[in-house]
Structures are given as structure tokens and as C-alpha cells.
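Work through three short exercises on side-chain contacts and surface exposure. Try each task before reading its solution.

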Amino acid sequence: MPPPPPMLVNCGHCLTPLQLPPGVRSIRCAICQGVTQIADPRAVPHPPPVNPSPPPQPQMPAPSPYNHAPPGPPPSAHGRKKAVICGISYRYSRHELKGCINDAKCMKYLLINRFHFPESSILMLTV
């Protein structure tokens with residue numbers, strides 16, 4: 001029987017999708033470094049339905065001194081931008097790594113859903 005699909009939750013600060021390992025109570029976002037607390041779904045009563053409001057707009061992070069890109073939102077990914085994602089686990093060697101293929105899949109998900117890359121512009125290389 002295959003394992004259950006990974007559970008995703010949005011970062012409470014920048015709304016980046018985060019993959020939850022089983023049993024965690026909090027998770028740190030690799031993008032904004034914010035910590036999102038995870039509530040036990042059995043302990044939280046379901047709130048009554050209310051009129052839906054638009055989700056909060058993510059705040060732009062402070063510019064990095066190491067970033068040479070101009071300030072403001074990134075340019076459209078539907079131009080000449082391409083992505084190559086490598087996930088190498090060194091299977092069957094003494095130095096095998098765990099989770100590399102999963103990390104590559106999560107990066108592809110991030111590029112498509114957060115940065116709006118077209119799926120056809122992403123090349124996945126996994127071993």
C-alpha cells in the first residue's frame with residue numbers, strides 16, 4: 001500500500017506551500033524563515049461558515065544585500081526564463097541521500113504555483 005500523500009500547508013507569513021512531515025507541530029519556511037504553528041485538527045473546533053474574504057496579500061520581504069536584482073516583484077516567468085531541477089540521491093552508494101527526489105518535486109511545485117513558471121519550461125533531472 002503506498003504511503004499517504006504529503007500534507008501541504010501555506011506558510012503563515014509568505015503563503016509559500018510547505019510540505020509537512022508526519023507529527024510536526026511547527027514548520028520553518030525556507031523562503032522567509034517564518035515559523036508556522038500547526039494545530040491538531042482533532043483539537044480545533046470547526047468555525048462556523050462566514051462570508052469569504054480575499055486572502056491576505058503577502059508582504060514583500062526586505063531586499064537582500066546579496067541580491068543584485070532590481071527591487072519590486074520579479075519579472076514575468078513566461079518569457080525566456082527556464083528552470084533545471086536536479087535531484088541526485090546517490091542510490092546504492094555509501095553516501096546515499098534521503099529526500100532528494102522529493103525536494104526536487106517540491107521545488108517544481110514551488111516554481112509552478114508560487115512563481116508561475118509554465119510546466120513546459122521546467123526540466124527535471126532525478127537519479
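The model is predicted.

**Exercise 1. Place V127 and classify it as buried or exposed.**

Solution.
- Locate the residue. V127 sits in the segment that follows β6 (122-126).
- Apply the cut-off. Exposed means over 50% relative accessible area.
- Compare. V127 has 60% relative accessibility, so V127 is exposed.
- Look at its partners. V127 joins I88, Y90 and L97 in a nonpolar surface patch of about 390 Å².

**Exercise 2. Count the salt bridges and say which residues pair.**

Solution.
- Set the limit. The nitrogen and the carboxyl oxygen must lie within 4 Å.
- Check the pair. The closest N and O atoms of K108 and E119 are 3.2 Å apart, and the two residues form a salt bridge.
- Place both ends. K108 belongs to helix α1 (100-113), while E119 lies in the loop between α1 and β6. They are eleven residues apart, and the pair links distant parts of the chain.
- Total. The count is one salt bridge.

**Exercise 3. How many disulfides are there, and why are C11 and C14 not bonded to their closest cysteines?**

Solution.
- Recall the bond. A disulfide covalently joins the sulfur atoms of two cysteines.
- Set the limit. The two sulfur atoms must be within 2.5 Å.
- Test C11. Its closest cysteine sulfur is in C32, 3.6 Å away, which is too far for a bond.
- Test C14. Its closest cysteine sulfur is in C29, 3.7 Å away, again too far for a bond.
- Total. The count is zero disulfides.
- Add the accessibility. C11 is buried at 0% relative accessible area. C14 is buried as well, at 6%.

Methods:
Residues are numbered from 1 along each chain as its sequence is written. This is a predicted model: local features need pLDDT of at least 70, side-chain atom pairs count only at pLDDT 80 or more; totals for chains, interfaces and linings use all residues. Side-chain values use heavy atoms; hydrogens and water are left out. Patches are made of residues with over 30% relative accessible area and no salt bridge: like charges are joined within 9 Å, nonpolar side chains (Val, Leu, Ile, Met, Phe, Trp, Tyr) within 5 Å. Accessible areas come from the Shrake-Rupley method with a 1.4 Å probe; for residues, only the protein chains shown count as cover. A salt bridge is a side-chain nitrogen of Lys or Arg within 4 Å of a carboxyl oxygen of Asp or Glu. Helices (H or I, at least four residues) and strands (E, at least two) are DSSP runs, numbered from the N terminus. Buried means under 20% relative accessible area, exposed over 50%, partly exposed in between (1.4 Å probe, protein chains only).
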